[in-house]
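Grab a pencil and work through these exercises with the model open beside you. Try each task before you read its solution.

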Amino acid sequence: MRTVVLLDGGMGQELIARSKQPPHPLWSAKVMMDEPETVRAVHEDYLRAGARVLTLNSYSATPERLEAAGLADMFVPLQRAAVDAVKAAIGAVGVDAAVAGCLPPLVASYRPDLALPYERSLDLYHRIVAEQADHVDVFLCETLGSVVEVRAAATAAAESGRPVWMAMTLKDGGDAELRSGEPLADGIAAAIDCGVSAVLANCSFPETISDALDDLAASGLPWGAYANGFTGIEKLQPGGTVKEMEARDDLGPDRYCDWAFETLEHGASITGGCCEVGPAHIAAIARRLEAERFEIAKELHA
């Protein structure tokens with residue numbers, strides 16, 4: 001029986017559908033401050049859908065973003081709230097699931113040109129890792145779009161002693177390139193140099209990730225992929241909100257499941273979803289995994 005790690009899906013767009021408040025630049029963190037029960041409910045729905053790895057809802061709660069919003073003193077409380085939400089969800093559903101720490105872009109998604117210098121990035125990632133390390137099973141560095149981000153996040157996470165999975169976002173329409181324009185192969189090499197346990201592509205068009213599967217497979221490490229369901233990312237600018245983003249109408253649960261299985265057939269051992277990929281998509285993948293006699297796991301098996 002082949003083993004597949006099934007991650008959860010996106011958090012931010014699910015919160016748009018469920019929250020009572022208008023979107024905010026610190027969207028997922030703002031909802032966690034004001035409606036922690038909504039965040040917990042999304043985690044629970046992913047568990048019930050079949051996900052066995054839940055990522056902390058701390059994507060927008062980086063020191064840099066909070067300071068820019070005048071909320072620097074909320075860094076530790078938000079990190080703790082993210083841990084509390086995910087642990088409460090696992091307890092409520094009563095399943096055996098893993099918790100993934102979240103090391104996102106420090107300044108803005110999809111804007112590697114705004115990435116901080118390496119030493120500054122490393123310092124900030126160390127702060128995040130220090131708050132999360134005692135509460136997580138693995139660190140998921142995700143939506144990183146440049147080699148400098150990859151090196152800084154992976155280095156800080158690896159020093160925790162936890163396994164590190166490195167997920168990189170790709171230039172849509174590019175030729176297996178990070179959003180920075182650097183080759184994906186360079187990002188993979190940097191991640192391997194830092195001792196990661198797995199490499200992934202995420203938060204890009206499924207079609208873009210499909211064109212990069214050979215690069216991921218050539219890493220020699222366990223690998224995976226989880227795409228977004230946006231029509232494009234151009235409307236999201238620093239300081240903007242997720243309400244500007246539009247969902248594709250051709251990537252429902254069944255179609256997304258078909259794409260996920262294309263990656264598994266290529267050799268991936270980790271799958272899941274990113275923005276606009278919700279519990280229904282994860283449930284479709286879980287049902288097919290069970291029907292085709294895969295073992296759904298919360299960790300990588302040797």
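Here, a residue is called buried when its relative accessible area is under 20%, exposed when it is over 50%, and partly exposed in between. Keep in mind that what you're looking at is a predicted model.

**Exercise 1. Get a feel for the whole chain**

Task: Work out whether the protein chain is as compact as a globular protein of its length.

Solution, step by step:
- Start with the parts list: the protein chain has twelve helices and nine strands.
- Next, compare two numbers. The radius of gyration is 17 Å, close to the 19 Å that the globule rule gives for 302 residues, so the chain is as compact as a globular protein of that length.
- Now box it in: along the principal axes, the C-alpha atoms fill roughly 50 × 40 × 40 Å.
- Then ask how much is hidden. Of the 302 residues, 56% count as buried.
- What about the outside? The chain exposes about 11600 Å², and carbon and sulfur atoms supply 48% of that area.
- Finally, check how the chain meets itself: take contacts between residues at least 6 apart in sequence, and 75% of them join residues at least 24 apart.

**Exercise 2. Follow helix H7**

Task: Find which residues of H7 are buried, and say what covers them.

Solution, step by step:
- Locate the helix: H7 runs over residues 147-158, which makes twelve residues.
- Check its span. From first C-alpha to last, H7 reaches 16 Å, close to the 16 Å expected at 1.5 Å a residue.
- Count the hidden ones: nine of the twelve residues of H7 are buried, so you can call the helix mostly covered by the under 20% cut-off.
- Name them: Val147, Glu149, Val150, Ala152, Ala153, Ala154, Thr155, Ala156 and Ala157.
- Look for the cover. It includes strands E3 (98-103), E4 (138-144) and E5 (164-168), along with helices H6 (118-132) and H8 (184-193).
- Zoom in on one partner, Tyr125. Beyond its neighbours within four places in sequence, Tyr125 contacts residues including Glu149, Ala152, Ala153 and Ala156.
- Put Tyr125 in context: the largest nonpolar core has 104 residues, and Tyr125 is listed with Leu103, Trp165, Met166 and Leu184 as having the most contacts inside it.
- As background, nonpolar side chains tend to be buried together in soluble globular proteins.

**Exercise 3. Hunt for disulfides**

Task: Why is there no bond between the sulfurs of Cys274 and Cys203?

Solution, step by step:
- Recall the cut-off: two cysteine sulfur atoms must be within 2.5 Å to count as a disulfide.
- Search everything, and you get zero disulfides in the whole structure.
- Take Cys102 as a warm-up. Its nearest cysteine sulfur, in Cys141, is 8.9 Å away.
- Now the pair in the task: the sulfur of Cys274 has its closest cysteine sulfur in Cys203, but at 3.6 Å that's too far for a bond.
- Are these cysteines buried or exposed? Cys102 is buried because its relative accessibility is 1%. Cys274 is buried too, at 8%, and so is Cys203, at 2%.

**Exercise 4. Spot the positive phi angles**

Task: Compare the settings of Cys203 and Glu276, two non-glycine residues with positive phi.

Solution, step by step:
- Read the angles: phi is near 45 degrees for Cys203 and near 70 degrees for Glu276.
- Place Cys203: you'll find it in the loop between strand E6 (198-202) and helix H9 (206-210).
- Place Glu276: its loop sits between strand E8 (270-271) and helix H12 (279-291).
- Check the accessibility. Cys203 is buried at 2%, whereas Glu276 counts as partly exposed because it reaches 25%.

**Exercise 5. Partners from elsewhere in the sequence**

Task: Which residues do Ala89 and Pro63 touch, setting aside those up to four places away in sequence?

Solution, step by step:
- Begin with Ala89 in helix H5 (residues 75-93). At 0% relative accessibility, Ala89 is buried.
- List its contacts: Arg40, His43, Glu44 and Leu47.
- Pick one. Ala89 and Arg40 are 49 residues apart along the chain, with 5.6 Å between their C-alpha atoms.
- Move to Pro63, in helix H4 (residues 63-68). Pro63 is buried at 6%.
- Its partners are Phe75, Leu124, Arg127 and Ile128.
- Again pick one: Pro63 and Arg127 are 64 residues apart in sequence, and their C-alpha atoms are 8.2 Å apart.

How values were computed:
Residues are numbered from 1 along each chain as its sequence is written. This is a predicted model: local features need pLDDT of at least 70, side-chain atom pairs count only at pLDDT 80 or more; totals for chains, interfaces and linings use all residues. Side-chain values use heavy atoms; hydrogens and water are left out. Buried means under 20% relative accessible area, exposed over 50%, partly exposed in between (1.4 Å probe, protein chains only). Helices (H or I, at least four residues) and strands (E, at least two) are DSSP runs, numbered from the N terminus. The expected span of a helix is 1.5 Å times one less than its number of residues. Contact means heavy atoms within 4.5 Å. A nonpolar core is a set of buried Ala, Val, Leu, Ile, Met, Phe, Trp, Tyr and Cys residues joined through side-chain atoms within 4.5 Å. The radius of gyration is taken over C-alpha atoms; the globule rule is 2.2 Å times the number of residues to the power 0.38. Accessible areas come from the Shrake-Rupley method with a 1.4 Å probe; for residues, only the protein chains shown count as cover.
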